[in-house]
Amino acid sequence: MAINSTGLPRSQGAGEESNHSTQTAVAAVQALAPTNLRCVECLALYPAIEAGQSALPVPRYRCDCGGVLDVEMVYTHPNQHERQNADLFEADTDALPTSGAAWRQLFDERISSPPLWAISTDKQLLDASGVWRYRELILPVPDEYIISRPEGNTSLYPVGMENCGAGRIGHRQIGLYAGLDLFFLKHEGENPTGSFKDRGMTAGVTMANVMGAKAVACASTGNTSASLASYAAQAGMRGIVFLPAGNVAGGKLAQTLAYGATTVQIEGDFDDAMHLVEHVCNELGIYLLNSLNPFRVEGQKAIGFEILQQLDWQAPDWLVLPAGNLGNTSAIGKGLRQAYQLGLISHMPRIAAIQAEGANPFYRSFLGNFAERFSMHAETVATAIKIGNPVSYTRARRVIEESDGIVDSVSDAQILAAKAVIDRSGIGCEPASAATLAGIRQLVERVVIKRDERVVGVLTGTLLKDSTTGMPQGRSGIVVKPTLDAVRSVLAQ
Ligand code: F0G
């Protein structure tokens, strides 16, 4: 069904006028002409935007064979030795840099402009976003379509025993725990809505805007829904989210409701919600913004670009992240691969995706050299990654294979122990994010990651949304009578 044919009302406060005129819509379609969607299963190719019977754009999330789609853009390609395997080909892209050095210069110039919210200049605003700063590698849409908070610009904390610096005794505890000298944590919980999801969502909602969508929807374990709700509100679209009832951290649910999304709690798990949302979107012409949506993956690639830029384009040996639905593994892997192919970096980091033991279908497939695809009923304290049938399996498998990467699995006890270390260091993160540190510690113990290798771990979400899981001191701290004696006796313990 064409995307804006649904009779769903626009969200409260949304203007009557459409976000784009016919003229600018034509410009957007032209700008997206070098962008195609490639099926990751059968390799069939589709245009980024297809017109339906009424000439309205019709979204496509899957290939006719049922496979997931991947955005394919065309660039000039300096790394000739990579050419046979590359998904980027030389094309009519006169204005784009043609060497790794020129790409680096472009991005470095943009970061040197002050990262302030600009009131009148769109360009400055885009340069201030940790996603749209890399816009040529994200989505070639006219600037006026872009919906940005802006996002990104998150900290890359040096936490290794050697690189943490004097005076950071707390942060050094993380390096000690991991057993690494040169170790960085990229805190994606510092994004506008508190998770890495904002990077994909800015691209996804921008694409919804291009498509003229009035309503956007997703299934979520909580962070995607909060992000969708925020960006949909900003764009004047109706946000609709499906959550697994009783399995979403309180802060994420509160956030989603506060931003005004229609919030449907499904008496089932995330995998049930995911299945339902895809059907509902196709039936009602609502624009789907799960990571099944290939444009969200494009925005999320920017985590990789920003890490590389913060490291002055010196690629790390390893990049480690938690894995659930596998959108992030696919996105970061794709971003790093593109950075390598375009000559921005001189080697491809190895990627390690870490799953929770009770929700580890990707790990099971990895153990059998990906001969079989598993699904399972998921159970873990890390509700964000409580996913038993990941949508982006094939994309993520490609990333692991191409980067000589690995998949590992950690128990809930390991996750909570690692979370306590990150929290006590003063940095803090949500439970799913701590799978990163738990996985790194395990891989260092097994000497898969060597102690002297340079490692970047991604913390995907903020501490603040989940105020119960893994909290010390009975959650609310110590309560005493308002007397000096009472306070003294507590501090003496
Ligand atoms: N970490 C956090 C904090 C997450 O919210 C998620 C996924 C992941 C890791 C895993 O990323 O799914 O791309 O492999 N959260 C989704 C959501 C499922 O709905 O918020 P993935």
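**View 1. How much of the chain is buried.** In this predicted model, buried residues account for 60% of the 493 residues in the protein chain. The fold is built with 16 helices and 15 strands. Take the contacts with a separation of 6 or more, and 70% of them turn out to link residues 24 or more positions apart. As for the outside, the protein chain has an accessible surface of about 19600 Å², and carbon and sulfur atoms hold 52% of that area.

**View 2. Around the ligand.** Here we're looking at the ligand and the 20 residues that surround it. The closest ones are Ser220, Thr221, Gly324, Asn325 and Thr460.

**View 3. Polar contacts to the ligand.** Start with the side chain of Lys197: one of its N or O atoms sits 3.2 Å from a nitrogen atom of the ligand. Then there's the backbone. A polar backbone atom of Thr224 is 2.8 Å from a ligand oxygen, and a polar backbone atom of Gly327 is 3.1 Å from an oxygen of the ligand. Taken on its own, the ligand has 470 Å² of accessible area, and the protein covers 98% of it.

**View 4. A nonpolar patch on the surface.** Four residues make up this one: Ile478, Val480, Val487 and Leu491. Together they offer about 370 Å² of accessible area.

**View 5. Zooming in on Ile478.** You'll find Ile478 in the loop that runs between strand S15 (454-459) and helix H16 (484-491). Its relative accessibility is 53%, so Ile478 counts as exposed, the cut-off being over 50%.

How values were computed
Residues numbered from 1 in each chain as written. Predicted model: local features only at pLDDT ≥ 70, side-chain atom pairs only at ≥ 80, totals over all residues. Heavy atoms only, no water. Patch = residues over 30% accessible without salt bridge, like charges linked within 9 Å, V, L, I, M, F, W, Y side chains within 5 Å. Areas by Shrake-Rupley, 256 points an atom, 1.4 Å probe, with all protein chains shown as cover. Salt bridge = Lys/Arg side-chain N within 4 Å of Asp/Glu carboxyl O. Helix = DSSP H or I, 4+ residues; strand = E, 2+ residues; numbered from the N terminus. Buried < 20%, exposed > 50% of the residue type's maximum accessible area, 1.4 Å probe, protein only. Contact = heavy atoms within 4.5 Å. Near = heavy atom within 4 Å. Polar contact = N/O pair within 3.5 Å; in protein donor to acceptor, adjacent residues only side chain to side chain.
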